[in-house]
Each structure stands twice: as structure tokens, then as C-alpha cells.
2 protein chains.
Amino acid sequence: MSSRNGTEDGQGDAGRQAAGSLAHRVPDLGALELLLAVARLGSLGGAARELGITQPAASSRIRSMERQLGVALVDRSPRGSRLTDAGALVTDWARRIVEAAEAFDAGAQALRDRRDSRLRVAASMTIAEYLLPGWLLALRAQRPDTAVSLLAGNSAAVAERLLSDEADLGFVEGVSVPPGLDSAVIAHDRLIVVTAPGHPWTRRRRPLTAQELAATPLILREKGSGTRQVLDAALGGLARPLIELSSTTAVKAAAVSGAGPAVLSELAVGEELAMRRLVSVPMADVSLARDLRAVWPTGHRPTGPARQLLSLTRG
Amino acid sequence: MSSRNGTEDGQGDAGRQAAGSLAHRVPDLGALELLLAVARLGSLGGAARELGITQPAASSRIRSMERQLGVALVDRSPRGSRLTDAGALVTDWARRIVEAAEAFDAGAQALRDRRDSRLRVAASMTIAEYLLPGWLLALRAQRPDTAVSLLAGNSAAVAERLLSDEADLGFVEGVSVPPGLDSAVIAHDRLIVVTAPGHPWTRRRRPLTAQELAATPLILREKGSGTRQVLDAALGGLARPLIELSSTTAVKAAAVSGAGPAVLSELAVGEELAMRRLVSVPMADVSLARDLRAVWPTGHRPTGPARQLLSLTRG
DNA sequence: GCTGCTCATAACTCCAGCTTATGCCCTCAT
DNA sequence: ATGAGGGCATAAGCTGGAGTTATGAGCAGC
């Protein structure tokens with residue numbers, strides 16, 4: 001498969017794993033970035049230069065990654081390095097991790113740069129969690145020098161920040177727009193009913209009715225949260241809580257563990273649905289759609305970086 | 001914000017970053033896992049126990065993560081630790097990275113366990129890249145003890161493995177099912193035309209016609225690839241290559257850099273579209289849909305783990 | 001045959017993260 | 001009140017991984 005490299009590969013004791021949490025079985029970010037650079041540049045040394053390390057460091061790091069995974073990733077030759085078939089696959093999977101890390105970084109940086117940023121954003125939790133990092137990344141690609149600060153809170157907090165001129169642009173997910181603000185719909189979201197696989201509702205043949213939903217104890221966010229507001233409005237204030245939890249994550253975890261049905265934004269459960277950790281239960285007559293809106297103080301149309309960010313969120 | 005912790009936070013020199021690639025700005029996987037455990041258990045010591053390290057190690061690691069990010073993440077108190085608001089957000093972003101890492105791990109492990117696995121899967125590249133890791137993760141959740149091996153290749157290679165009994169279940173994306181195999185459609189995919197933002201096609205008011213597409217030099221996969229087959233069939237074998245590249249990734253990279261329009265599976269460009277690195281160009285009269293199919297030797301209906309994996313891929 | 005690209009190996013340094021040992025704070029039950 | 005126990009912090013010492021420099025070897029093209 002290779003020329004002279006002698007990676008030795010598999011067999012050894014690489015078949016086993018079990019030991020060590022993820023961090024011991026998955027190469028760290030630096031190694032994954034290096035792998036992507038090698039894939040792109042076709043050379044260990046070139047990749048090393050790009051990352052500001054020396055060639056032997058890169059060589060050794062790739063080698064130890066191959067040992068860790070038990071798979072040969074690159075085909076070394078005296079005139080460059082190409083990915084093996086397995087390496088190409090691994091590189092694609094690695095790219096996913098790196099992209100998630102980039103989103104993390106964009107978000108974390110916005111969280112850190114509290115004041116004196118060129119663009120101050122206030123957003124509700126669901127948007128801050130699931131959408132904003134991607135937007136910030138896109139913004140950074142277009143304007144690398146724009147420092148962005150982020151403050152996450154509920155609709156009222158967002159409105160307050162905007163009106164006191166502590167933020168330039170806000171994002172909310174409520175049913176109504178807080179007074180004193182102009183808004184534009186940037187996306188749509190829908191609440192869906194989910195349960196763990198195996199729940200009786202997953203075997204229903206007819207969609208669930210609002211009455212049934214209202215009659216069943218549910219895992220819910222606390223009163224006052226955007227999610228809960230929409231649900232209560234749709235059911236006429238009748239939602240019966242089985243438990244009330246204060247974060248989307250906690251609700252998901254409870255639902256996954258089989259505690260009962262939950263109602264959540266479809267943004268929040270994409271991964272879980274794809275992986276069959278949760279199953280969506282069709283609804284018949286209830287409209288749980290809600291708009292996601294960008295908001296700003298009446299009159300103060302977004303300009304400069306705020307306008308640019310806004311334009312990124314459409315589509 | 002806290003009791004006595006003294007994290008000191010921000011200011012220092014945390015506002016700046018720029019230096020160091022991602023790996024220097026994003027905590028490593030071990031730290032992120034630790035953070036998730038703290039969030040779940042509400043205690044540093046508890047999280048430490050779960051990960052098999054000591055309490056001081058956990059404490060110090062969380063602290064250095066806070067220093068790295070310049071944000072206080074957990075609120076320490078003599079009776080436990082809770083996430084701060086910022087911490088909750090960071091934790092959600094971290095979960096994305098960890099989930100990508102879990103998919104990586106599931107895939108890598110399948111790649112390593114070449115022979116003597118309980119379930120041997122052969123899949124075409126697009127499926128192996130984008131869908132299989134998630135399925136393997138779901139399978140592992142249900143049957144942690146099932147060792148899976150993965151071999152990626154084109155449709156012909158998949159068919160060959162199945163027919164020579166070197167694989168138990170296959171996945172292909174071609175237009176036709178190779179002879180000797182039974183199949184079931186498990187999902188649908190569509191090829192879409194994409195360009196970098198700013199390309200003239202992104203400002204079109206009418207959808208693109210097949211003729212226009214056929215008349216324009218495109219960034220394409222090489223002849224023989226599943227993607228190219230579908231495109232050539234849809235256009236009547238007329239696709240004009242601007243360049244031919246041998247991996248989806250290379251095509252994407254070329255398109256992002258503005259080299260020209262490309263035709264790719266929508267599975268492959270989800271991230272790029274969301275982030276506005278690429279823009280989709282609507283098509284008028286061409287049907288670029290294709291089925292993704294599970295395949296197995298005629299007669300040999302999947303049983304055991306193969307059947308279970310198959311059931312995970314539907315829906 | 002020389003030059004320039006590639007990669008590998010060896011010896012050494014350094015730091016991040018781990019451990020053990022210890023102490024303070026707070027709560028709860030006796 | 002007072003101890004027991006859970007939770008966190010600090011200090012000192014160890015270790016391994018990742019980095020460095022220095023050097024050698026394979027292959028291409030002039």
C-alpha cells in the first residue's frame with residue numbers, strides 16, 4: 001500500500017479499544033487540523049509550514065495518529081504524501097470535528113469580547129445555541145476584523161439591551177415582538193413532540209391531537225421560556241408538566257432517557273432524530289410554528305456590520 | 001457572580017487571540033467531555049470520578065479552560081458547581097464537537113476492524129462519508145458489543161464484496177442496482193448546482209435550464225463516480241468539465257474558492273450552504289434526484305446485526 | 001553529479017495534565 | 001454545638017507527548 005514507510009499498521013493491539021474516553025480514541029484538534037492541511041497541500045512539510053511547526057513534528061504527529069487509529073492515513077513517497085482511501089474518509093470525518101470547533105471558537109470569542117466591540121449582538125438562547133455560531137463564522141469569513149460580542153438571554157433581556165443601547169442587533173424567537181423594536185423574520189422554527197424510541201406514541205397510526213397533547217404530562221421548559229410560551233399559546237395555556245427543566249439540554253436528556261414525551265424546537269433535536277435517540281410524533285391540528293426574528297430599536301435600521309450580519313441570516 | 005472562586009476572568013490579556021490555530025483557542029476533547037460531565041452531574045468531583053481522574057485534576061482543567069476562553073463557565077459553591085449562563089452556552093457548543101468526535105470514533109473503529117467482525121459493511125463514498133458514522137453510532141447505542149467493519153468504494157466494489165461474501169450489507173448511490181443484488185431504498189439524495197457567493201448565477205431570476213448547465217464548464221467528479229453518472233445521465237452525457245477532481249472535498253474546495261460552478265450531492269454541501277460559503281442555484285427542468293439504497297446478495301435477506309443496521313437507516 | 005524537494009530518525013527540552021497530600025468551607029444530622 | 005461528609009482549592013512532584021535542532025536518505029530534473 002505504501003513505499004517504505006513501515007507504519008506497521010493494525011494488528012498490534014489496535015483492534016481493542018474500550019479503554020479511555022473519547023479523548024483517548026480520537027486525535028486532538030491539532031492533529032486533525034494537520035491532517036486536513038496534509039490533505040490539501042499534499043505534503044507533510046508543507047502542512048507543517050502552514051501550521052507553523054517543523055516537518056519532523058508533523059511527521060511524528062501524523063504517525064502517532066495512524067498508530068492511535070490503527071489505520072494508515074497517508075501514503076508517503078519521496079515526492080509528496082497523498083491520502084490513502086481510508087485516509088480520505090477519516091479526513092472527511094475529521095473535517096466535521098474541525099468545523100464544529102470553528103463554530104465553537106467563533107461563539108466563544110463573541111462571548112469573551114464583552115464591551116467595545118464593533119458589533120454587539122443579543123440573542124435568545126435557542127438562536128444563540130444553534131444558529132449564531134454559524135452566522136458569526138460566515139461573518140468572520142467576510143470581515144475578519146469585526147469584533148463581535150454576544151449576550152444571550154430571553155426576549156425581554158434582548159429588548160432591554162437594545163433599548164438601552166447596549167446591543168446593536170438582537171434575535172428573538174417569541175410569538176410577539178417586544179414594544180419599541182422593529183423586526184424582520186429571518187427563519188422559521190417549529191416545535192415538535194418527541195419521545196424516546198419504543199414509547200407507545202411512536203407506534204400510533206394517527207397524528208396526535210391537541211387534546212391528547214394537553215391531557216398528557218410532558219417534559220417541558222420552565223414557564224416564561226420562549227418554547228413554553230409558544231406551546232401554551234397553541235394549547236390555550238393547558239400544557240401539563242411532568243417535569244419542568246431550565247435548559248433545552250436537560251429536556252432532551254430527560255426525553256432520551258425515556259422519562260416521557262417532550263416538546264422542543266426542531267432546531268434542537270436534529271441530531272437526536274437523525275441518530276434515532278429520539279423519535280418525532282406527528283401532530284394533527286396544532287400549529288407550533290414560530291418565527292425567528294431579527295430585532296432592532298424602532299427607527300435605527302441596522303447599518304455596517306449589523307446590516308451585514310443580518311444579510312447573512314436570510315435564505 | 002460566584003462565591004469565592006476567584007477565577008478573575010476576562011481583562012488580563014484574554015481579549016486578544018489571533019495567535020495559534022484552532023487547537024490553541026479551543027479546549028481539547030478531554031476538557032470538553034469534562035465540561036459536559038460537570039454540566040450533567042453538577043459537581044466537579046463527580047465529573048472527575050466519572051472520567052476516572054481525580055478531583056484536583058478536574059478542577060484545574062476546568063479552570064485552565066476558563067482562562068483559555070476568557071469566560072467563567074461554572075459557578076463553584078461549597079455544595080456543588082452549576083454552569084453560568086455563558087457556561088451553558090459554551091457547553092452546548094462543546095456538545096457539537098463531542099458529537100462529531102463520537103461519529104469520527106465510530107467510523108474509525110469500523111475502518112480498523114477489517115476482518116472477523118460480526119457485521120461487515122461496504123458502502124459508497126458519499127454514504128460512508130456523510131451517513132454511515134451516524135448509523136454506526138446509533139447501532140452502537142443499541143448493541144454496544146457489535147464489532148463493525150467498513151469498506152468504502154464505488155458501486156462495483158461494493159457489489160463485488162457482497163457477492164464474494166466479504167461483506168454482509170452494502171450501501172450504494174448509483175442509478176441502477178448491480179446485478180445479483182437485492183435492494184431497498186433507504187433515503188433520497190439530490191444533486192444540486194452550487195457556486196461561490198458572488199457568481200453571476202447567484203443573481204439569476206429564472207432557474208437554470210439543462211441546456212445552460214450542459215453548455216457551461218463545471219467542476220466535476222471524475223468519470224465513473226456515482227455523482228458524475230447521475231449528472232451525465234440527466235444531461236444526456238453532455239456535461240462539460242472545467243476540471244475533474246477525484247474527491248468530493250476537492251470539488252467543494254474548488255467551488256468555494258470561486259473556480260466555477262460545481263454539481264454535488266446536497267448531503268455534501270449542507271454545511272457550506274448554511275455558512276454561505278456556497279450558494280445553491282435552482283434548476284428548472286433537470287431531475288438530479290437519486291436513490292440511496294441498501295443492497296445484499298439476492299436471496300440472502302439481512303439478518304441479525306445487518307438487519308438491525310438496516311432498520312436504523314430508514315425514515 | 002549536483003541541487004532541491006521530499007520524508008525519517010535521534011537526542012534533547014519543555015510544559016500540560018496527572019497524582020498524592022492537605023486544608024478550608026459549608027450543610028446536615030446527631 | 002459538634003462532628004461527619006461532600007465539595008472545592010492549593011502545593012509539590014512526576015511523566016509523557018509534542019516540540020525543537022541536527023542529520024541522513026530517496027528520488028527528480030538540470
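**Entry 1: the annotated region**

UniProt positions are given here in the numbering of this structure, and an annotation of this kind may be inferred rather than shown by experiment. With that in mind, I looked up chain A and found that UniProt, in an unreviewed entry, places the feature "domain: HTH lysR-type" at residues 27–84. I note that the model I am reading is a predicted one. Over residues 27–84, chain A is 62% helix and 14% strand. The end C-alpha atoms of this stretch are 18 Å apart.

**Entry 2: the domains of chain A**

I then consulted the domain assignment, which gives chain A a domain 1 (2–114) and a domain 2 (118–315). The C-alpha centres of these two domains lie 36 Å apart. I asked how many residues of domain 1 are in contact with domain 2 in chain A. I found 10 residues of domain 1 in contact with 8 residues of domain 2. The area buried between the two domains is about 790 Å², and carbon and sulfur atoms give 59% of that area.

**Entry 3: chain A against chain B**

Next I turned to the two protein chains. In the model, 60 residues of chain A are in contact with 60 residues of chain B. Together the chains bury about 5,400 Å² between them, with 64% of it on carbon and sulfur atoms. Which three residues supply more than any other three of the area that chain A buries against chain B? They are A:Trp93, A:Phe104 and A:Arg112, which supply 15% of it.

**Entry 4: DNA strand C**

I listed the protein residues around DNA strand C and obtained 23. The closest are A:Leu44, A:Ser59, A:Arg76, A:Ser81 and B:Thr54, so I recorded both chains at this strand, nearness being taken as heavy atoms within 4 Å. I sorted the residues of this surface into 7 nonpolar, 9 polar and 7 charged.

I also asked which elements each supply at least two residues of the surface near DNA strand C. From chain A they are helix H3 (44–51), helix H4 (55–69), strand S1 (74–77) and strand S2 (80–83), and from chain B helix H4 (55–69). The largest share, 4 residues, comes from H4(A).

Which part of DNA strand C do its atoms within 4 Å of the protein belong to? Sugar or phosphate accounts for 71% of them, and bases for the rest. I noted individual atom pairs of both kinds. A polar side-chain atom of A:Ser81 lies 2.8 Å from a phosphate oxygen of the strand. For A:Gly45, a backbone N or O atom lies 2.9 Å from a phosphate oxygen. At A:Gln55, a side-chain N or O atom is 3.2 Å from a base nitrogen.

**Entry 5: DNA strand D**

Finally, I repeated the search for DNA strand D, which has 22 residues around it. Those that come nearest are A:Thr54, B:Ser59, B:Arg63, B:Arg76 and B:Ser81. Of the atoms of DNA strand D within 4 Å of the protein, sugar and phosphate account for 67%.

I recorded three pairs with phosphate oxygens of this strand. A polar side-chain atom lies 2.4 Å from such an oxygen in B:Ser59, 2.5 Å in B:Ser81 and 2.6 Å in B:Arg76. The elements that give two or more residues to this surface are H4 of chain A and, in chain B, helix H3 (44–51), H4, strand S1 (74–77) and strand S2 (80–83). H4(B) gives the most, with 4 residues. By residue type, I entered 7 nonpolar, 9 polar and 6 charged for the surface near DNA strand D.

Definitions and conventions:
Residues numbered from 1 in each chain as written. Chains lettered and ligands numbered in written order. Predicted model: local features only at pLDDT ≥ 70, side-chain atom pairs only at ≥ 80, totals over all residues. Heavy atoms only, no water. Polar contact = N/O pair within 3.5 Å; in protein donor to acceptor, adjacent residues only side chain to side chain. Nonpolar A, V, L, I, M, F, W, Y, C, P; charged D, E, K, R; others polar. Domains from an automatic or database assignment. Contact = heavy atoms within 4.5 Å. Buried area = accessible area lost by both parts, 1.4 Å probe.
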